[in-house]
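Good morning, colleagues. I would like to take you through one structure today, and I ask you to keep the display in view as I speak.

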Number of protein chains: 2
Amino acid sequence: MVRIVDIAKRVNRSITTVSRALNGYEDVSPETRQLIIDTAEEMGYTPNSIAQLLQRKQTMTIGLVLPTFSPRFSDPYFSELLAGIGNKAAELGYDLLVSTRPPGEEEMDYYKKLSAGGRVDGFIVIRTRTNDARIRLLVDRKFPFVAFGRSAYDPESSFVDEDGHLGMQLIAEHLSSLGHKRIACITSNRDFTFTHHRLNGLLDGLAKAGLEIEPGSILEGDLTQKSGYELGSELLERKQRPTAIAAFNDLMAFGVMSAAQERGLSVGKDISVTGFDGIPMGEYSHPPLTTVSQPIYKIGAMTCEMLVKALQSDSPAKEHILLQPSLIVRQSTGAASPG
Amino acid sequence: MVRIVDIAKRVNRSITTVSRALNGYEDVSPETRQLIIDTAEEMGYTPNSIAQLLQRKQTMTIGLVLPTFSPRFSDPYFSELLAGIGNKAAELGYDLLVSTRPPGEEEMDYYKKLSAGGRVDGFIVIRTRTNDARIRLLVDRKFPFVAFGRSAYDPESSFVDEDGHLGMQLIAEHLSSLGHKRIACITSNRDFTFTHHRLNGLLDGLAKAGLEIEPGSILEGDLTQKSGYELGSELLERKQRPTAIAAFNDLMAFGVMSAAQERGLSVGKDISVTGFDGIPMGEYSHPPLTTVSQPIYKIGAMTCEMLVKALQSDSPAKEHILLQPSLIVRQSTGAASPG
DNA sequence: TTGAAAGCGCTAACAA
DNA sequence: TTGTTAGCGCTTTCAA
């Protein structure tokens with residue numbers, strides 16, 4: 001391992017000069033600079049990041065703790081979000097410290113350790129919860145972070161979020177315009193703030209058309225295809241079958257479609273199914289899925305960019321960005337079948 | 001920010017004693033130890049990780065660079081792999097430094113920076129390539145890593161891989177036993193080593209049954225649902241339509257199914273489709289997908305565990321683990337339709 | 001234009 | 001059982 005002193009010895013200069021030459025300071029003579037750079041190159045020098053970090057009191061690292069509700073999670077949504085965050089971070093010269101923790105005490109301890117330990121400069125907090133202990137901790141400690149999703153602490157923090165209320169309202173309008181009256185929905189966990197926005201959007205949108213969902217037709221899923229399949233099956237077995245089912249994410253919508261097709265129903269004709277997220281798979285499912293497109297990749301990139309901006313400013317303002325999602329009508333929805 | 005000297009001053013001891021008490025050394029009197037621990041707790045002390053790392057010359061961090069062939073990637077496979085790696089790393093007390101880089105020079109520079117800069121203790125290298133510059137670099141530098149996938153440098157390195165040859169052979173046997181003769185396949189990029197294992201497995205398996213695939217029916221996809229859809233469409237438009245299409249991953253198989261269904265074909269009857277990976281979605285697709293189950297989550301966990309073991313041993317042996325995949329027959333395959 | 005020296009926060013060899 | 005001291009590899013202030 002080549003250190004700065006090794007170079008210094010070789011070129012007969014002090015380590016100070018070497019450091020300055022390598023860091024592009026102006027007060028080094030051109031010849032010395034060139035000599036040092038060449039020698040460093042020749043010796044295969046790479047700065048020791050840890051030592052640099054200790055000195056600079058900056059880690060150039062962003063923390064991202066994935067909440068693992070079940071140990072395994074298999075959701076294209078996450079890889080897309082991660083790509084958005086990761087690519088932007090790379091572009092801005094930041095690294096990403098990623099870990100997985102089940103929500104709860106372990107998770108909190110890890111946040112404490114990383115924030116207090118100077119291991120990361122800031123966090124990206126995803127899947128915000130109604131009363132989010134992670135956010136409270138970070139707000140209390142005045143530790144920089146940007147959330148993907150809203151929370152109870154919005155005035156004191158920055159977030160990027162999609163307008164789930166609007167998104168589901170678009171779904172409601174779409175379904176009601178197709179003549180659907182018996183509509184069911186499969187929500188996500190109530191702990192997530194986005195669940196409330198989406199549910200309210202759906203109910204508000206339907207109310208505008210003079211429609212409502214009976215409480216028994218609001219089922220809570222867990223965002224997996226499996227739960228969409230199971231809850232979809234349950235809804236489809238009812239004597240009074242809904243003519244449309246609005247799932248709160250695409251994965252659950254796929255599950256609902258399978259459940260319907262298994263019963264010989266033609267999705268888009270006998271029953272309408274909608275999703276939320278707009279993952280690429282929805283374009284090539286059978287039938288292609290009517291959904292609300294949420295630019296996940298972009299959200300990841302924006303969240304990361306917002307955080308880095310805050311880290312590099314000395315008096316960061318709280319920023320709140322609400323992205324407008326758009327309705328994508330494909331073939332999984334159609335006119336309500338009479339009856 | 002509370003430092004060790006702050007505690008030392010408060011309890012009137014030297015920083016050494018504080019450090020030792022906090023790190024559980026035996027040579028501290030019980031009273032002193034308790035006093036120190038209590039004071040640390042009270043003052044809200046958390047060790048500065050960076051300083052610890054600099055001193056210990058160990059980062060307790062594993063590097064994982066996701067190769068982003070396209071900036072966005074939306075694949076449940078990755079989130080599952082990441083969960084496996086991440087959970088195991090957390091369990092073993094390691095952090096994960098994740099970044100995304102398009103394959104090529106940037107990627108190599110990043111590997112160089114992280115390895116030489118003492119930023120990570122080792123790497124997990126995924127999606128191994130036929131002539132893998134990343135692996136060559138790490139082998140040359142004698143930097144610890146474990147690969148998920150085989151490479152040209154296997155004797156000098158450790159890997160975990162699935163037996164793709166066996167997996168596709170099982171598919172071949174399954175299809176031939178169903179009477180399929182006109183079989184096509186959609187492969188992945190030839191740069192990946194697993195592509196060759198899978199392709200050879202398929203061809204060998206078919207050869208055993210006296211079958212072969214004509215070169216024109218071996219198309220190369222890019223592992224996305226979109227490419228499965230497009231190449232599937234192409235195959236299905238041929239006058240001599242294949243009766244079975246074997247895709248090299250589940251996502252492409254879903255695309256093929258859509259293409260078939262769009263043409264009014266019943267998947268599992270008019271045409272058989274198979275995948276590879278065994279992502280959870282395949283269980284709830286319509287029809288459920290016949291595929292080869294590769295325990296991705298477990299592979300992630302094993303890879304991580306193997307790396308940590310190597311990091312903690314002073315004379316790590318090269319380990320090679322080849323996992324046996326298993327065939328999962330669902331409804332996307334059926335007897336070859338005559339004609 | 002250069003170098004000496006202090007110090008980032010911590011650990012550990014050594015001495016007392 | 002405790003403290004002194006010397007680093008880990010680097011950046012940066014200050015003086016020359």
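Twenty-four residues surround DNA strand D in this predicted model. Those that come nearest to the strand are R3(A), I4(A), N48(A), A51(A) and T16(B). Two or more residues of this surface come from each of α2 (15-22) and α4 (49-56) in chain A, and likewise from α2 (15-22) and α4 (49-56) in chain B. The greatest contribution is that of α4(A), with five residues. As to character, twelve residues of the surface near DNA strand D are polar, seven are nonpolar and five are charged.

Let me turn to the domains of chain A. Domain 1 covers 4-56, domain 2 combines 61-162 with 295-324, and domain 3 covers 164-294. Between the C-alpha centres of domain 1 and domain 3 of chain A there are 61 Å.

Next, the contact between the protein chains. How many residues of chain B are in contact with chain A? There are 52, and they meet 52 residues of chain A. On the chain B side, the elements supplying at least two residues each are α4, α5 (76-91), β2 (95-101), α6 (105-116), α10 (225-236) and α11 (250-262). Of these, α5(B) holds the largest share, eight residues. This side of chain B comprises 24 nonpolar, 19 polar and nine charged residues. The β2 strands of chains A and B also pair: they run antiparallel and are joined by three bridges. Within this pairing, L97(A) faces L97(B).

I come now to the interior. The largest nonpolar core has 160 residues, and I124(A), I245(A), I124(B) and I245(B) touch the most other members. Beyond its sequence neighbours within four places, I124(A) has contacts that include I62(A), L64(A), F145(A), F148(A) and L307(A). A separate core of eight residues includes I7(B), A21(B), I36(B) and Y45(B).

Finally, some remarks on the backbone. The peptide bond between H286(A) and P287(A) is cis, with omega about -5°, and P287(A) belongs to the loop between β9 (272-274) and β10 (291-293) of chain A. In chain B, the bond from H286(B) to P287(B) is also cis, with omega near -5°.

Two residues other than glycine have positive phi: L223(A), near 75°, and K142(B), about 55°. Which of them is buried, and which exposed? L223(A) has 26 other C-beta atoms within 10 Å, so it is buried. K142(B) has 8 within 10 Å and is therefore exposed.

How values were computed: Residues are numbered from 1 along each chain as its sequence is written. Chains are lettered from A and ligands numbered from 1 in the order in which they are written. This is a predicted model: local features need pLDDT of at least 70, side-chain atom pairs count only at pLDDT 80 or more; totals for chains, interfaces and linings use all residues. A residue is near a molecule or strand if its C-beta atom, placed from the backbone, lies within 6 Å of it. Helices (H or I, at least four residues) and strands (E, at least two) are DSSP runs, numbered from the N terminus. Ala, Val, Leu, Ile, Met, Phe, Trp, Tyr, Cys and Pro count as nonpolar, Asp, Glu, Lys and Arg as charged, and the others, Gly among them, as polar. Domain bounds come from an automatic or database domain assignment. Two residues are in contact if their C-beta atoms, placed from the backbone, lie within 7 Å. Two strands pair if DSSP finds at least two bridges between them. A nonpolar core is a set of buried Ala, Val, Leu, Ile, Met, Phe, Trp, Tyr and Cys residues joined through C-beta atoms within 7 Å. A residue is buried if 20 or more other C-beta atoms lie within 10 Å of its own, exposed if 12 or fewer, and partly exposed in between; C-beta atoms are placed from the backbone.
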